[in-house]
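Dear colleague,

Please find below the structure that I am handing over to you. My findings on its two binding sites follow directly after it.

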Amino acid sequence: MKILVTGGAGYIGSHTLVELLEAGHEVVVLDNLCNGAREALARVEQITGQPVSFVEGDVRDRVQLDALFDWHDIEAVIHFAGLKAVGESVAKPLAYYDNNVAGSLNLCQAMAAAGVFRLVFSSSATVYGPEAPVPYTETLPRGRATNPYGTSKAMVEQLLEDLCRADERWSVSLLRYFNPIGAHPSGLIGEDPQGVPNNLMPFIAQVAVGRRSHLAVFGDDYPTPDGSCVRDYLHVVDLAAGHVRALEAMSSPGVATYNLGTGQGYSVLEMVAAFTAVTGQAVPYQIAPRRDGDLAAFWADAAKAERELGWRALHGLEAMMADTWRWQYHNPKGYRLRVTDAV
Ligand code: NAD
Ligand code: UFG
């Protein structure tokens, strides 16, 4: 299949390119590089030995999308492109609704005009909202999102459900990710946040590599076994493989919603301890106040994806830690400079 991957130069997108190419698919990437790297695509080519067609552009640009669909014989789209920083979304709601909601709407309109009706969408566990009981199952209703980022994901889910109800040519997979971490085992691609990382794992890795002095653990007074928050961390290679399964399993019209997680939660303090145990690198930390909007604990019920897609997470915490560290160690400044280039 020839697949358009929007946001393919980003973290999850680049790992998904590898899985798609290794499964025999052809890919075309559309990315505006606001948070992605051209170098990531070169590394994907290096890992797979296969070419990646790249169009630098924006999902909100209808003229460019039409030209892309005219030029390439696209059969399906995996839509990663969007903004993802929860805190930033509170400060810049218009940017988030524009990029994530208007961008997705524009993409769907261009797909329909081009006669492409298969879409895999990057959603998030955040759509369950703060009141949902754990583990989160797909049968729960969407909850009240607590920030514009989460609302934008819920809005696009709703948009896609309405679209499928109205037009049975559409086939859509909503993939609700839990907490993706880790990197490709080659150490060639990984997460490369710009500025101070918002997320736990890149922060831990940057402390270990000496870019930051210590980790702030946001809260140790939650109702969890050790007081720090619990999340369902999954290896990004497993997450990427989930996209290939979702795409290949798409046969009937309508929306299918899947949690992609491991079903197992770990606390922040357990993650720090596991990183040190696996890599031998110390991660100094200090307990800091709770971060606004954080939930105490959530993890996935991942049974539906296993039952219907034959997908489950294969990598454990040890691989997640080792692969994060391999990537960070060999690329201390991400895609900008490799350790081997520096000497
Ligand atoms: P990322 O920022 O690394 O990748 C997103 C890519 O999209 C970047 O390369 C960026 O340059 C590109 N992009 C952004 N806006 C664009 C636009 N308007 N047009 C074209 N390209 C654009 O993020 P990621 O972690 O790989 O996340 C991918 C998707 O998964 C996002 O939609 C995100 O919201 C969703 N998601 C991520 C997580 C997570 O923890 N990483 C969790 C749940 C959901
Ligand atoms: N944390 C710290 N210190 C840090 C960073 C994070 O203690 O420097 C803690 C957080 O408080 C949280 C846990 O580590 O308890 C995980 O935090 P992340 O920011 O890595 O992940 P979140 O669970 O907050 O958010 C992620 C994605 C969002 C998505 C959400 C729900 O980043 O896009 O999961 O799926 F909305």
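An oxygen atom of ligand 2 has a backbone N or O atom of Asn 198 at 3.4 Å. Please bear in mind that the model is a predicted one. Two arginine side chains also make polar contacts with this ligand: a polar side-chain atom of Arg 231 is placed 2.7 Å from an oxygen atom of ligand 2, and an N or O atom in the side chain of Arg 291 is 2.9 Å from an oxygen atom of ligand 2. On its own, ligand 2 exposes 680 Å², of which the protein buries 91%.

The surroundings of ligand 2 comprise 21 residues, and those that come nearest are Asn 199, Ala 216, Cys 229, Arg 231 and Asp 294. Arg 231 is thus both one of these nearest residues and a partner in a polar contact at 2.7 Å. By residue class, the shell around ligand 2 consists of 13 nonpolar, 5 polar and 3 charged residues. At least two residues of this shell are supplied by each of helix H7 (200-208) and strand E8 (215-218). Strand E8 provides the largest share, with 4 residues.

I turn now to ligand 1. Which residues are the closest to ligand 1? They are Ile 12, Asp 31, Asn 35, Lys 84 and Tyr 149, out of 27 residues that surround the ligand. Lys 84 also contributes a polar contact, in which an N or O atom of its side chain is 2.8 Å from an oxygen atom of ligand 1. A backbone N or O atom of Cys 34 is found 3.1 Å from an oxygen atom of the ligand. A nitrogen atom of ligand 1 is involved as well, at 2.9 Å from an N or O atom in the side chain of Asn 99. Taken by itself, ligand 1 has 820 Å² of accessible area, and the protein covers 96% of this.

Three elements give two or more residues to the shell around ligand 1, namely helix H1 (11-22), strand E5 (118-124) and helix H6 (148-166). The largest share is that of E5, at 3 residues. In terms of residue class, this shell divides into 11 nonpolar, 11 polar and 5 charged residues.

For your records, the buried portions are 96% of the accessible area for ligand 1 and 91% for ligand 2.

Yours sincerely

How values were computed: Residues are numbered from 1 along each chain as its sequence is written. Chains are lettered from A and ligands numbered from 1 in the order in which they are written. This is a predicted model: local features need pLDDT of at least 70, side-chain atom pairs count only at pLDDT 80 or more; totals for chains, interfaces and linings use all residues. Side-chain values use heavy atoms; hydrogens and water are left out. A residue is near a molecule or strand if one of its heavy atoms lies within 4 Å of it. A polar contact is a pair of N or O atoms within 3.5 Å; within protein, one must be able to donate a hydrogen and the other to accept it, and residues adjacent in sequence count only if both atoms are side-chain atoms. Accessible areas come from the Shrake-Rupley method with a 1.4 Å probe; for residues, only the protein chains shown count as cover. Ala, Val, Leu, Ile, Met, Phe, Trp, Tyr, Cys and Pro count as nonpolar, Asp, Glu, Lys and Arg as charged, and the others, Gly among them, as polar.
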